[in-house]
Amino acid sequence: MVKLEPIKQIMTDWEKHNLSTELESLLGELPENIVDFLKEQSFSDGQMGEDEIEIDINTLSHETLYKLHKLLDNYLLKKQKNQAKAESYDIELLNESGFSNSSMQPCKVSTKGATIFSGADCSQMYEYGKNLGISFQVVDDILDFTQSAEQLGKPASSDLAKGNLTAPVIFALEKEPKLRDIIEFEFCETGSLDEAIELVKQCGGIQRAQEFAKEKADIAIKSLQCLPQSDFRLGLEDMVMFNLERID
């Protein structure tokens, strides 16, 4: 029985040129795993600095070239997915309905339902529920950065660690491009999560989120003007203020 040897892939000169061009265009943003791979192929013999890598594409084996090509493809695919996710959150922030989180929906629906039975202005009460829900969610986002794991009942900054772009992160992204890069690389480098948390704080992400939560709270309270002064209305206003007190 004849045993067939696996067909070896051979990279053409044109493919090598494209790979080299792609690699050069990504210098300065490559993740640690690709940098380490390149260092293993470097022929500098310790003569260059730690951050310098010298490689001659033409001296690498075809197997190594295809490994490098696959690493770059995987990185670019992951980067593209993360960019799409970040852009969707940016759009969501600008959307008039605010942050779309399932935890807000019961607040809006139950408020609207109660309004129908009470005879109050349905649209205004809907606005109350919507804006209270947004404010409540943003406050939760802030607490994820400002409270300890013991207070939260879960690891602090766990949303960011999972790649969830919450309000403080989105606001910080507007001022610090480096933060977006760290998130896109999924915190692959040691200490990158701590660096991201510090950038969110330094860029005023938490402060801007606090202002945003208060803006939504103000809208919620103003929406209650459709109701006559009563203990019921005061109770609804107290709900809004209680939420803000969680970050005071």
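**Exercise 1.** Determine which side chain meets E215 in a salt bridge, and how exposed the two partners are.

*Solution.* The side chain of E215 meets that of R208 in a salt bridge, at 3.7 Å from N to O, where a salt bridge is a side-chain nitrogen of Lys or Arg within 4 Å of a carboxyl oxygen of Asp or Glu. This is a predicted model, in which local features need pLDDT (the predictor's confidence in each residue, from 0 to 100) of at least 70 and side-chain atom pairs count only at pLDDT 80 or more, while totals for chains, interfaces and linings use all residues. Residues are numbered from 1 along each chain as its sequence is written, and side-chain values use heavy atoms, leaving out hydrogens and water. E215 is partly exposed, with 38% relative accessible area, and R208 is partly exposed at 29%; buried means under 20%, exposed over 50%, and partly exposed in between (1.4 Å probe, protein chains only). Finally, R208, E211 and E215 are linked in a network of salt bridges.

**Exercise 2.** Describe the salt bridge between E127 and K130, and place the pair in its helix.

*Solution.* The closest N and O atoms of E127 and K130 are 3.5 Å apart. Both residues lie in helix 5 (residues 122-146), and because they are three residues apart, about one helical turn separates them. E127 is partly exposed at 26% relative accessibility, whereas K130 is buried at 11%.

**Exercise 3.** State whether R233 and E237 are buried or exposed, and how their side chains meet.

*Solution.* R233 and E237 are both buried, and their side chains meet in a salt bridge of 3.2 Å, N to O.

Key. Helices (H or I, at least four residues) and strands (E, at least two) are DSSP runs, numbered from the N terminus.
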